[in-house]
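Dear colleague,

I am passing on the structure below, and my notes on its pockets, cavities and one helix packing follow it.

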Amino acid sequence: MRDDSISPSAPSAPLRICIAGAGAIGGTLAVRLAAAGHQVSVLARGQTLQAIREHGLTLHDLHGTAHARPAADHRPSFGVQDVIFLCAKSQDMAGLLPQVAPMVGETTVVIPTNNGVPWWYFHREGGRFDGQTVKAVDPEGALAAALPLAQIIGSVLFITAEVESAGVIRSVNPHLMVLGEPSGEMSERLLRVRAAVESAGIEARATDRIRDKLWTKIIANISTNPLSVITQGTLQQLYGLPELREVVSQIMRETLLVASSHGARVDIDPLTFLQLGEAMGAFRTSMLQDLERGRPLELAAIGDAVLEMAERYAIPMPITRAIVSLARFRGEAAQQQRAPQTPAAPQPAARAA
């Protein structure tokens, strides 16, 4: 595997970069890239859009505190971009892709950053399932049809961040982004984007085996996110408490078998992985944050898609399947509790006998 993570990159000329989705990850990227001198715009809505327009974005991370005032709108009013980072949850991609389409030119690079198995996974994959669709995340093929797959560069983000308030993000761990062409080509555009990200103070690597890194993140996500919804546990608890650590380990083992069946070479020592996870501290997973805020859970990409990948090779995943099912029940119950109650229809008055 070739990994362009050590050799220095040439300084990158400023790029026109749109961050589509200004949550914790999108906000982190927007501030860091703007601080590096790139022309950053943000596609946002609601309170987040209002906060960015009034006060800009503030990021507290290991670099200190940085502030940026990127152009922000709820419409794609920024013109054709050099790079677009899609920073929405996987279940929101179907609505987001048509929004960003007017900003996509012939040479625009589109980089999805969402968790789980991406809809483009089998694009130029080169194996027996090359060109097929991941039904769990793109059941009708709408995502694959919304944007040219040839303009996508894959990414795996190892960034932990939380939104403290609208427009204010805190991240307490180092930032790492791995980038790769679905075809495995070490292209000029890949290295250009890598240099731009690196210029922003984010460790950036370019690889010719992006799916290997995807599976590393998929294993981390599926072994902790659904379980955190059930237990309300932080990463420190999930990886550290013996009773939870055992469940995490079993899910990891099941998922590693699926990854290897799909040809991925996952350079992972499970014990080290658990130790590193525990060391991340009392961080709440993105899925737990969504549960607490009453948002839909990202179970299709993080859970269902992995189970679908397992079924392609008839691999049973009993522990994983049970945990994903319980997380879905917990998420749906939370949604029902938050849903506005419809007043009961008035009953006719009882008539005296």
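The second largest pocket (an open set of points on a 1 Å grid over the protein atoms alone, with protein on both sides within 12 Å along at least five of seven lines) holds about 200 Å³ of space. Of its 14 lining residues, meaning those with an atom within 4 Å of a point, Glu125, Arg209, Arg211, Asp212 and Gly263 are the closest to the centre. The lining comprises 4 nonpolar, 4 polar and 6 charged residues, where Asp, Glu, Lys and Arg count as charged, Ala, Val, Leu, Ile, Met, Phe, Trp, Tyr, Cys and Pro as nonpolar, and the others, Gly among them, as polar.

Please bear in mind that this is a predicted model, in which local features need pLDDT of at least 70 and side-chain atom pairs count only at pLDDT 80 or more, whereas totals for chains, interfaces and linings use all residues. Residues are numbered from 1 along each chain as its sequence is written, and side-chain values use heavy atoms, with hydrogens and water left out.

There are 2 cavities of 30 Å³ or more, a cavity being a set of points where a 1.4 Å probe fits but cannot get out. The largest cavity has a volume of about 50 Å³, and its lining includes Thr113, Ser155, Leu214, Lys217 and Ile218. The second largest cavity, with about 40 Å³ of space, is lined by Pro112, Asn114, Pro118, Trp120, Gly154, Ser155 and Leu214, and no charged residues appear in that lining.

With best wishes

How values were computed: Points joined across faces, edges and corners; volume = space filled by probe spheres on them.
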